[in-house]
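I opened this notebook page to look up how the chains are related and how they meet. My entries follow the order in which I checked things.

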Number of protein chains: 4
Amino acid sequence: MKIGFLGLGNMGAPMALNLLKAGHQLTVFDLADTAVASLAEAGATPVDGPRAMAGSDVELIVTMLPAAAHVRAVYLGEAGLLANVGKGVMLADCSTIDPHTAREVAAAAARQGNPMVDAPVSGGTGGAQAGTLTFMVGGSEADFAAIRPVLEKMGRNIVHCGGAGNGQVAKVANNMLLGISMIGAAEAMALGVSLGMDAKVLAGIISTSSGRCWSIDTYNPYPGVLDAAPASRGYTGGFGTDLMLKDLGLATEAAKMARQPVLLGAAAQQIYQAFSMQGHGGLDFSAVIKLYTKAAG
Amino acid sequence: MKIGFLGLGNMGAPMALNLLKAGHQLTVFDLADTAVASLAEAGATPVDGPRAMAGSDVELIVTMLPAAAHVRAVYLGEAGLLANVGKGVMLADCSTIDPHTAREVAAAAARQGNPMVDAPVSGGTGGAQAGTLTFMVGGSEADFAAIRPVLEKMGRNIVHCGGAGNGQVAKVANNMLLGISMIGAAEAMALGVSLGMDAKVLAGIISTSSGRCWSIDTYNPYPGVLDAAPASRGYTGGFGTDLMLKDLGLATEAAKMARQPVLLGAAAQQIYQAFSMQGHGGLDFSAVIKLYTKAAG
Amino acid sequence: MKIGFLGLGNMGAPMALNLLKAGHQLTVFDLADTAVASLAEAGATPVDGPRAMAGSDVELIVTMLPAAAHVRAVYLGEAGLLANVGKGVMLADCSTIDPHTAREVAAAAARQGNPMVDAPVSGGTGGAQAGTLTFMVGGSEADFAAIRPVLEKMGRNIVHCGGAGNGQVAKVANNMLLGISMIGAAEAMALGVSLGMDAKVLAGIISTSSGRCWSIDTYNPYPGVLDAAPASRGYTGGFGTDLMLKDLGLATEAAKMARQPVLLGAAAQQIYQAFSMQGHGGLDFSAVIKLYTKAAG
Amino acid sequence: MKIGFLGLGNMGAPMALNLLKAGHQLTVFDLADTAVASLAEAGATPVDGPRAMAGSDVELIVTMLPAAAHVRAVYLGEAGLLANVGKGVMLADCSTIDPHTAREVAAAAARQGNPMVDAPVSGGTGGAQAGTLTFMVGGSEADFAAIRPVLEKMGRNIVHCGGAGNGQVAKVANNMLLGISMIGAAEAMALGVSLGMDAKVLAGIISTSSGRCWSIDTYNPYPGVLDAAPASRGYTGGFGTDLMLKDLGLATEAAKMARQPVLLGAAAQQIYQAFSMQGHGGLDFSAVIKLYTKAAG
């Protein structure tokens, strides 16, 4: 299958490379010339923008963009994909954006006969490189079935979440809970240690009790508890605090539109924001435990 | 081993029964005559108070009391256990209280030569009856080893958490995180459903993602997601909101004494308090999702 | 001065009437025909949209619209004001919107030679009718001086807040603090009364102490404390909970864009949202005390 | 009137001096010898403890102690005031403690025929020296009338709050609202400035709008807005963050006992706790704005 790939950043570039490795013909575009050059060297064909990509003979276009404003411009602009793409070409947007915009773009695509799914990912740049991403996909059964084989070249876990926009809903709900759990884990670990417990013993007990969660048993924020966690390497790598902030911003914005309260979700957003203001936005989000303990600093 | 058991409430009575079933001679006391009568019928020997129990020929006394004030009175009062017990008799307090009081009582016991552990439990009345409780035990290695065989008659998972008071620390830290996670799970489920997702699909996705936690995969608060969860039987049974409130009160109090911030822990306490004020204190704590959705009501 | 007035809702209509009463020639437009008819009856000249209004011989156009999306459409659309207005015509937007959009529109106006201020109001529909509104005005000294006399026909307190957008900043900051203070006042009153104090005595003491604030001494949320407050007439009239929610949404959104934490501001937004979900969005925002007390219900 | 004064700390010592200056015979005690020596030099008669003070021929005993535990010991201990004082001697406890303990002690005093009021103060060490404190008094009308003339020697504003304990309730409710308002003021000021407003202009606008409060118009947390505020002298002097933390601890504890939610009160407590953990517990509580802005640091 001939595929177009638009958006070759830290996530998009390795994803596109995995499609090349899987044998697909690839047409690519990014505003950054060096990103395009790097893919071209690996065998992809550059084009000079969304209009040109839409006009090439691709069967599927995958996009991986920073935010909803870019998605709107690339899909809905005059020189964008929908205004220039042939009927029947499939579209998959892997950007993490708000469900509302995702549904608006998908509806526009549907009106002119282009199957479209929203397919945000989790797994980070490591997962993008290894081809082990999780894709949360919103769209019809038929569109999901058609696009799934391509997503499987880039990920290991391809989940159908329901109709258009539901991929974004699943991601936003999961990541809001993750953001809350991590702060909860940080508070529980910091409290336990300050009251005299050994951090590893405490993590072990909670891991087999009702407080069990990914933020305790897989990504513990306390230094030295888990060798593989960012906490044990100075909170480098991993999922940056400012990226978590972006996702919590999407969650609270979606909640506002749905007139749905999210008391802890909003509190978590503000706590990460306060932490980021202190200069730590580039650290892994589990570093938020620094707000709770001098020892972990 | 001859054992004394003091405190025969909803938890204490079935725990004492399991010790009887295991063949121990049991001396019992409770302020409620009917509770004592019921154990006596099953073969236990009643005494008329802590002083009498301390004066009988027991080798170990187990206590299961509602709050720290009762523990202080029973252990430290003039007619209490420590003032009247023989040197060497072992003590195990299974009450859930603050770590500070637990350490104060344990230190008093140690000074007069009585080995003591704090051993709060999780698992609820169901676990107490089935003998499948988890015991979180604080005390020396030697005392833990000596008392463990008795605890194994009442529970399945006996965890050594470190020195005196650490059983309480572990429980308080775990339950604070549980209280936070459950509200986080409620917010994520309610938000996802209000944005158009199917509750079971959403729960399934989060269960295999980074938002995974016991409150999602084992005790999901959304009705109909898990057949065995209280949410699927009108939030009856389970762990009452007012019991969660008590544990969060212990957590924030311990945090205050340790000068340790717990922003989400304190927020969770207040949210359950607001929910309890609306008349729902007797419902399982996962019913807190009612604050977030009309559908779940 | 010949004035155009666009947006004749609950606030806009009485404001426009006050300009008529002051002797101004008025050209008006609203999507609702009845609103236009009512103003026409009072002496205003209807036009059929922003383009027509921009094309008439007005010297100043005042707009009063529900949200930023409407402001964008009316000012920046192809058939909107800026595309069709003559150079030099002054513009005053009295809508409450985010500072970012206000500045974007003001900059576009400035580029084509139209003096513009943002001038959101406080004082409610009562103040609009009585002509006693407060206007918080953002724009240059010269533009403020030029437009001020017209605003004085509609309000009593005309405050210059600095450059373009600062009117919106002042309103958003004030109303966020108001939203927080009201909940704080509700918690303090409910706590004091539940601990045995008389509500009027408590309000009197706080009114002369360091907890003093408008939400205690002028708009007390406890029923019966102040005869003139909405609390003493079933929380009818006043400033609706859903309007406070809109303003807190603007505040947290502006904070997000400025990367500025607002922990209590975000908490307040969520508390009003939870209250609104329980069916009280139409009540005065001081009714939020119902979350804290059965007696006040 | 012959008066006993027990507790000669930063607040008690200048209060006692004002009673001396007003011509009262004064008997004094404190655990710190230097504090006693200083008062003795000024004309007071030292005694060696509560028992001795109760046994001297005083007509009124005033106490000013750090916390409820000291009040319990001084009043209820075997060597304490109640066990040794003659019937009819009046008692006034000016300590800031929880209402529950205040009522328990007052009830014990009443049972043995000693009139007692709780009379916590506000106004700080400056007010104590100048004799301009506010006293919030709980007790019967008769006891209030009898003790008021003495309190007027130490303060300017003597407020009767109702029956026993209500002085503490008023203080706890006022200070909880103050703690919330100050953080709200800090968030509003920091947000407004980060969005481009001048701090003085913003403070001026809010001071005449619905966000008006003592924390804005009298004690503004932004440096340079009010010359007399701690913010304009590096947050020295004033009311320390750790003292605000103590009062918020009393408020949330009282709320817990009353089963009353205080969502923002608890959030405020945690925010000051986080700020204190960063090493700022000794700064005036308005320094909490440092959590919200680099400029204010």
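Before comparing interfaces I fixed the term: contact means heavy atoms within 4.5 Å. I also noted that I am working from a predicted model.

Entry on the copies. I looked up how chain C lies on chain B, and found that a turn of 180 degrees with a shift of 0.1 Å along the axis lays one on the other with an RMSD of 0.1 Å. The two copies are thus related as by a two-fold rotation axis. I then compared their interface residues: 100% of those of chain C are also interface residues in chain B, so the copies meet through the same surface.

Entry on the contact of chain A with chain B. I read off 59 residues from chain A and 59 residues from chain B, and the two chains bury about 4,600 Å² between them, with 66% of it on carbon and sulfur atoms.

Entry on polar links. Between chain A and chain B I found two salt bridges, and I noted one of them, in which the side chains of Asp217(A) and Arg212(B) meet at 3.1 Å, N to O. I also recorded 20 residue pairs in polar contact between these chains, both residues being at pLDDT 80 or more.

Entry on the chain A side. The elements that give two or more residues to the side touching chain B include α5 (99-111), β9 (155-160), α8 (166-194) and α12 (263-280) of chain A. I noted that α8(A) gives the most, with 21 residues. By residue type, this side of chain A divides into 38 nonpolar, 17 polar and four charged residues.

Methods: Residues are numbered from 1 along each chain as its sequence is written. Chains are lettered from A and ligands numbered from 1 in the order in which they are written. This is a predicted model: local features need pLDDT of at least 70, side-chain atom pairs count only at pLDDT 80 or more; totals for chains, interfaces and linings use all residues. Side-chain values use heavy atoms; hydrogens and water are left out. Copies are superposed by least squares on the C-alpha atoms of residues with pLDDT of at least 70 in both. Buried area is the accessible area (1.4 Å probe) that two parts lose on being put together, summed over both. A salt bridge is a side-chain nitrogen of Lys or Arg within 4 Å of a carboxyl oxygen of Asp or Glu. A polar contact is a pair of N or O atoms within 3.5 Å; within protein, one must be able to donate a hydrogen and the other to accept it, and residues adjacent in sequence count only if both atoms are side-chain atoms. Helices (H or I, at least four residues) and strands (E, at least two) are DSSP runs, numbered from the N terminus. Ala, Val, Leu, Ile, Met, Phe, Trp, Tyr, Cys and Pro count as nonpolar, Asp, Glu, Lys and Arg as charged, and the others, Gly among them, as polar.
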